[in-house]
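Visitor: I would like to understand the words used for this protein, and not just hear them. Could you take me through them with the structure in view?

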Amino acid sequence: MPAPAASAAAHDWRDGVVYQIYPRSFADHDGDGTGDLPGIIDHLDHFGPDRLPIEAIWLSPIYPSPGRDLGYDVSDHTTVDPLLGTDQDFDRLVAGCHGRGIKVILDLVMNHTSDEHPWFLASKASREGPYADFYLWRDPSGWEENGTPLPPNNWVSFFGGPGWEWVPGRGQFYYHTFLVQQPELNWRNPAVEAAQWDMVRGWLDRGVDGFRLDVFNAYLKDPELRSNPVIEGNSPWARQDHRYDIDQPDFPELIERFRAIVDERPGRMTIGELFSRETELAAKYARDWHIVFDWSLMESRWTAAAYAASIDRRERSFGPDLWPTVALSNHDRERQATRLSASVGRDREPDRDAIAKAAAVVILGLRGTPFLYYGEEIGMVDVDIPRDEIVDPPALRAGPDFPWYDRSRCRTPMQWSSGPGAGFTTGRPWLRLGPDAADRNVESEVPDPDSVFGCYRRVLAFRATSAALRRGGMTRLESGAADVLAWTREAAAERLLVLVSFVGETRTVDLAGIAPGTSWTPRVGTRREPSAPSDHGRLELAPDEAVILESVER
Ligand code: ISL
């Protein structure tokens, strides 16, 4: 597909760092216990050049929502949820960000709406009228002898349970990939596409710089809604080959129509959230500054071998010409400080912090746009949530045939200070705070160069000055040392070597073996004073140390 004429230079920010804010949990300005847009405005200095220099913030949904899926069930995509603020607050947030050179990325949830959206209420009420065909309504495939209607096909919900909901008043079923309260939109109806594009243009008019597209590869379904082939798996969703309910052959054309609208304004970027698929497909959908999340790193254990395999797979899939993403956490996955340490049986301090810092060098040192999830910069960990406080609906139906990670655990309030409410709220927090908030918080870590925050800050500051780290090419090398990964990043005359130890023991790397005839000087790393090579070109990495070195002429 030909790239539009827009200049690539307008998109240089895609090699910058994006910081994901989960608005409910970032900062509460009005004291109601839930984070809000004014709270984000109050904390924009957190992203200052001497703190956490990032290029963009991605806001998880800010739109009116009954909150069944905590904002991913949208009842009006054109305005701001009063729980989070007002349209004026949003415009102030955009102005505050732009005044700091920070871009604003919104989360677009266009695959489905809330069942309280006016479109669905009208569609459910009548088979006539302009919204009758806005959703995936289908007649039963038949009837039980007792008169019970049978679903149109075998599709199920990713969130467990059936995928089809019977509506007696309409005499039909509707499909929902997620909650029953999240009816699927019918993207084969041109009126749906037109309505969505109008909404997108509205946010572009308000200065939005980009969009993250929730489960974008699920928009289109097979026109005949054929049943999926059945395969082996550990859950109803995993027991289907999703041939007919996602990744339809005409999806690329649809997403290019969306991208053309975004590209009507130069300098915008989009990020597709690839749903239930692998890295190779992410690369197939990615183009220029329309990038796509892939999950290979997110799903890798914290070992050199696993990361080497993921890095090689990403580089094979994306190649030098396509631009990948790098993320180890988000609002749906275990926090990396918990997941990575636990993946190698080291889920305790000081190992967790040590691994969190090494992972920061990986995220910021690999090729692609890094995505940071709020709290990872201070090493926030997953929080145990009692069943009666769980806020993630599918978690309440988890069981042997429906394994589910309770996403409540990674969505607890940001830990700003050791004070009451961890500086997040003066009220009662909507979700419990982490028990370590008194010690693990922004206020205590900012002054400490040995903290997780100290590591993020210095590596981000270095990355901001390094063309090689931001957009340079990448080559993985054999480090010659067990449990140590090595790769180079190069741009123009700048050549960097990234070394990462995945174990809590010292490791010695023979730099002469990696790059004969090259001298390297350490620039930044997990330690405030990174380990330096000996005169003989040997570098001893401290336990869990990661370091970025630059080649220097002899
Ligand atoms: O939750 C997951 C695994 O832990 C993810 O696979 C996620 O459910 C899936 O990628 C879709 O996620 C997106 O759409 C959902 C919403 O609940 C998620 O928060 C959002 O990221 C429905 O909108």
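**How the labels are earned**

Guide: Gladly! Let's begin with one residue pair: V167 stands opposite Q172 in β8. Please keep in mind that this is a predicted model.

Visitor: What makes β7 and β8 a pair of strands?

Guide: Two strands pair if at least two bridges are found between them. Strand β7 (residues 164-167) is joined to β8 by four bridges, and the two run antiparallel, so they pass the test. W164, for instance, stands opposite Y175 in β8. The two strands form a hairpin with four residues between them, and G171 in the turn has a positive phi of about 70 degrees.

Visitor: How do you know that β4 pairs with β8?

Guide: Strand β4 (residues 137-138) has two bridges to β8, again antiparallel. The cut-off is at least two bridges, so this counts as pairing. W137 has Y174 as its bridge partner in β8.

Visitor: Which strands are the edge strands of this sheet?

Guide: The order is β4-β8-β7, an open sheet of three strands with antiparallel pairing. β4 and β7 each pair on one side only, and these are the edge strands.

Visitor: Which way do the side chains of β8 point, and are they buried or exposed?

Guide: In strand β8 (residues 172-175), Q172 and Y174 point one way while F173 and Y175 point the other way, and all are buried. Strand β17 (residues 507-510) offers another pattern: R507 and V509 point to one face and are buried, whereas T508 and D510 point to the other and are not. β17 pairs with strand β19 (residues 538-541) in the antiparallel sense over four bridges, and the bridge partner of V509 in β19 is L539.

Visitor: Why is D15 called buried?

Guide: Buried means under 20% relative accessible area. D15 has 3%, so the label fits. D15 is found in the segment before β1 (18-21). Leaving out residues up to four places away in sequence, D15 touches W323, T369, R463, R470 and R471. The C-alpha atoms of D15 and P324 are separated by 9.7 Å, although these residues are 309 residues apart along the chain.

Visitor: And how do you know that F134 is buried?

Guide: The reasoning is the same: F134 has 3% relative accessibility, and the limit is under 20%, so F134 counts as buried. F134 sits in the loop between α3 (118-125) and β4. Residues that F134 touches, not counting those up to four places away in sequence, include W119, S123, L185 and V192.

Visitor: Now for the sheet of five strands. What leaves one side of β14 and one side of β18 without a neighbour?

Guide: This open sheet has the order β14-β15-β16-β20-β18, with antiparallel pairing. β14 (473-478) and β18 (519-525) stand at the edges with a single partner strand each, so one side of each has no neighbour in the sheet. Neighbouring strands of this sheet are turned by 30 degrees against each other on average, direction ignored. Within the sheet, strand β15 (residues 484-491) and strand β16 (residues 494-501) pair over eight bridges in the antiparallel sense, and R495 in β16 is the bridge partner of E490.

Visitor: Which helices lie against that sheet?

Guide: Helix α7 (residues 304-318) packs on the sheet and touches β14 and β15, with its direction at about 30 degrees to that of β15. Helix α9 (residues 351-365) lies across β15, β16 and β20 (546-552), running at about 145 degrees to β16.

Visitor: Why is α8 called roughly perpendicular to α9?

Guide: The axes of helix α8 (residues 336-343) and α9 cross at roughly 105 degrees and come within 9 Å. Angles of 65 to 115 degrees count as roughly perpendicular, so α8 gets that label against α9. Q336, A337, L340 and S341 in α8 meet R352, I355, A356, A359 and I363 in α9. The residues of this contact divide into six nonpolar, two polar and one charged.

Visitor: What are the domains, and how many residues of domain 1 and domain 3 take part in their contact?

Guide: The domain assignment gives domain 1 (13-112 + 190-459), domain 2 (118-175) and domain 3 (473-552). The centres of domain 1 and domain 3, taken over C-alpha atoms, are separated by 30 Å. Their contact takes 23 residues from domain 1 and 21 residues from domain 3.

How values were computed:
Residues are numbered from 1 along each chain as its sequence is written. This is a predicted model: local features need pLDDT of at least 70, side-chain atom pairs count only at pLDDT 80 or more; totals for chains, interfaces and linings use all residues. Side-chain values use heavy atoms; hydrogens and water are left out. Axes are lines fitted to C-alpha atoms, for helices over the stretch in contact, and angles run from 0 to 180 degrees between N-to-C directions. Contact means heavy atoms within 4.5 Å. Buried means under 20% relative accessible area, exposed over 50%, partly exposed in between (1.4 Å probe, protein chains only). Angles under 35 degrees count as roughly parallel, over 145 as roughly antiparallel, 65 to 115 as roughly perpendicular and the rest as oblique. Ala, Val, Leu, Ile, Met, Phe, Trp, Tyr, Cys and Pro count as nonpolar, Asp, Glu, Lys and Arg as charged, and the others, Gly among them, as polar. Domain bounds come from an automatic or database domain assignment.
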